Amino acid sequence: MLTIIVFTLIISLLCNIILKEFGLPTIIGYIFTGTIIAYGFGLHNAVNNHELKEIAEFGVVFLMFTIGLEFSVSELKKMKYEVFLAGSMQIIITSLIVYAIGFYLLEIEQKMSIVISLAITLSSTAIVLKTFNETGEINKRYGKRTLGILIMQDIAVIPILLLLGFLASDNGNVSEILLNTFINAIILLAILYIMGKFFLERFFTLITKTNSDELFVGTILFLAIGSSYLAHELGFSYSLGAFIAGMLISETKFKHQAEADLIPFRDILLGIFFITVGMQIDFDIISKYIHIITLLLIAILILKFIIIFTIVKLNENKKTSFKTALALIQVGEFSLAILELAKSNQLVTTEYGQIMIITIVISMILTPIILKNLTQITDKIIKKDDCTPILSECISSKIKNHVVILGYGEFGQSIASAFRKSGELYVIVENDIYSYHKGLDKNEPIIFGNALKKEVLKNTYLKDAKKVIIAIDNPKKLYQICETITKEIPTNKILVKVHSKREKSSIEELNIQNIIVENIETSKAVVQRVKNEYI
């Protein structure tokens, strides 16, 4: 056993070093490690080991716990559209279409068609959220749309498991099971809510007074594991309990320390989880059914993309909808568990089950590559924005001697707030629908549109403005926007904020005099603050 662990560590290290040279994420390295170990040591059946599965599943549990830390109850309320409407629509529509194709078109047995349709509905929480967490995309508009749908999918695991129980037994009392599930849900939420509301803050305060780091870490582990086991004992998924516990802790001042302490455990266990995914790749099945697996994979990716894109597009712009759909086209880790349970209950034949598992694993392998190039793929396919400029009601007539702010991120918001307090006249241009609505909520004079479009700039009365502040955080679009603006107004009217000297050098050829380098200005402010304290 020790030999296997040592070889696993060595192979994992080598795989990830090689893959990093090609710019590929560690997730793929872990999956390849699992495949190599399975074939090198003949451990194909090890993945069916109950203890190993539970250890691996806790990688996803800790991931959902840390995601819960980032999203409080109030934050979840704001995401009710993404979670309950978009997420539910995606699950229902996808499962119905896949079931209809399987049962009526391909003439697959009815119960098997139901199981396969439910498995295909789910996406990979572990891969998508881990990647988005690392890149910070979880806080972007499409990141929140993706998170909302994934949360609903995780919640949907509960009724899916119940349905599998109904299909496996002809004697199940549906009303009794539903009543028990409802009662258990109330018990779970009540226990976790009471703990969070009345005990957590005081309990953590007592723990921190001991000045014991290991006691604090142990408390976090206990809460994450305890809440997940409580949920599991009441008939729900481990990760759902952990997610709720994380949300409750997010209401306390200890959330950041809790997240920092849990990340090493999360990453190690997620690594084990992805290794077990790699162990499920069977090359004999691939070689025998390569044509079926290829067609099935393509069909699943296209179908899920179309459904998710269409649903998100109902309330979102094209680029955000495209990125959300592309991020969720794979089939996820919970689907592997559903198929495993279905196989053990004779709801899916071994042959169909293996084909589905291989297809799911390949889709998961492709996902990190897709997520890594999400923006590049989107920009190549969607070259033009589908939105026409939307004028805020605050801009009702022609204005002049004002300031135009391009971008309503954190910097743009700070500038707008300062101008509002000083009585300065200004107009904002924002291309992100979420930020645009945030501006509307604050009654800002804001226009929705792309600053590269002359029609959008025309509505800001750009040529009558005394200054234009470019507060764009995307370095790739910064040059294009600066170039567009220099063609419309004199360069001495333009003020650009950049993060680094490298960004500054990329636009210096445009002869813009006023370029503020954020890092340099921050350094100056820090040095001045230190000097002032010693005067």
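Reader: How do α10 and α11 sit against each other, and at what angle do they cross?

Author: This is a predicted model. In it, the axes of helix α10 (residues 213-233) and helix α11 (residues 238-249) come within 7 Å and cross at roughly 135°. That makes α10 oblique to α11, since the oblique class takes in angles that are neither under 35 nor over 145 degrees nor from 65 to 115.

Reader: And which hand does the crossing of α10 and α11 have, right or left?

Author: The crossing of those two helices, α10 and α11, is right-handed.

Reader: Ok, which residues make that contact?

Author: From α10 you get Leu223, Ala224, Ser227, Ser228, Tyr229, Ala231 and His232. From α11 the partners are Tyr238, Gly241, Ala242, Ala245 and Ile249. By class, the contact of α10 with α11 has eight nonpolar and four polar residues, and no charged ones.

Reader: Let's move to α7 and α12. What's the angle there, and how far apart are the axes?

Author: Helix α7 (residues 125-135) packs against helix α12 (residues 255-278) at an angle of about 140°, and their axes are 12 Å apart. The two helices are therefore oblique to each other. As for handedness, α7 passes α12 in a left-handed crossing.

Reader: Which side chains should I click on for α7 and α12?

Author: Pick Ala126, Ile127, Lys130 and Asn133 in α7. On the α12 side, pick Arg266, Asp267, Leu270, Phe273 and Phe274. Sorted by class, the contact of α7 with α12 has five nonpolar, one polar and three charged residues.

Reader: While I'm on α12, where is Asp261, and is it buried or exposed?

Author: Asp261 lies in helix α12. Asp261 counts as buried, at 17% relative accessibility, because the cut-off for buried is under 20%.

Reader: What does Asp261 touch?

Author: Not counting residues up to four places away in sequence, Asp261 touches Phe216 and Val217. Asp261 and Val217 are 44 residues apart in sequence, and their C-alpha atoms are 6.1 Å apart in space.

Reader: Back to α7 for a sec. Where does Ser123 sit?

Author: Ser123 is in the loop between α6 (110-121) and α7. Ser123 is buried, with a relative accessible area of 2%.

Reader: What does the Ser123 side chain reach?

Author: The side chain of Ser123 reaches the backbone oxygen of Leu328 at 2.8 Å.

Reader: And which other residues is Ser123 in contact with?

Author: Leaving aside neighbours within four places in sequence, Ser123 is in contact with Leu150, Gln153, Lys304, Leu328, Gln330, Val331, Gly332 and Glu333.

Reader: Next up, Thr94. Which helix is it in, and what does it touch?

Author: Thr94 lies in helix α5 (residues 80-105). Its relative accessibility is 0%, so Thr94 counts as buried. Beyond residues up to four places away in sequence, Thr94 touches Thr121 and Ile307.

Reader: New topic, backbone angles. What's phi at Asn401?

Author: Phi of Asn401 is near 55°, a positive value in a residue other than glycine. Most residues other than glycine have a negative phi.

Reader: Where is Asn401, and is it buried or exposed?

Author: Asn401 is found in the loop between β1 (390-391) and β2 (403-406). With a relative accessible area of 53%, Asn401 is exposed.

Reader: What about phi at Asn443?

Author: Asn443 has phi near 60°, again a positive value in a residue other than glycine. Asn443 lies in the loop between α20 (433-441) and β4 (446-448).

Reader: And Leu510, where's that?

Author: Leu510 is in the loop between α23 (501-507) and β7 (514-517). At 14% relative accessibility, Leu510 counts as buried.

Reader: Which residues is Leu510 in contact with?

Author: Setting aside neighbours within four places in sequence, Leu510 is in contact with Tyr479, Cys482, Glu483, Thr486 and Thr491. Leu510 and Tyr479 are 31 residues apart in sequence and 8.8 Å apart in space, C-alpha to C-alpha.

Reader: Last one: how many helices and strands are in the protein chain, and what share of residues counts as buried?

Author: The protein chain has 24 helices and seven strands. Of its 535 residues, 49% count as buried. Residues 24 or more positions apart account for 73% of the contacts in the chain with a separation of 6 or more.

Note on methods:
Residues are numbered from 1 along each chain as its sequence is written. This is a predicted model: local features need pLDDT of at least 70, side-chain atom pairs count only at pLDDT 80 or more; totals for chains, interfaces and linings use all residues. Side-chain values use heavy atoms; hydrogens and water are left out. Axes are lines fitted to C-alpha atoms, for helices over the stretch in contact, and angles run from 0 to 180 degrees between N-to-C directions. Helices (H or I, at least four residues) and strands (E, at least two) are DSSP runs, numbered from the N terminus. A crossing is left-handed if the near helix is turned anticlockwise from the far one by less than a right angle, and right-handed if clockwise. Contact means heavy atoms within 4.5 Å. Ala, Val, Leu, Ile, Met, Phe, Trp, Tyr, Cys and Pro count as nonpolar, Asp, Glu, Lys and Arg as charged, and the others, Gly among them, as polar. Buried means under 20% relative accessible area, exposed over 50%, partly exposed in between (1.4 Å probe, protein chains only). A polar contact is a pair of N or O atoms within 3.5 Å; within protein, one must be able to donate a hydrogen and the other to accept it, and residues adjacent in sequence count only if both atoms are side-chain atoms.
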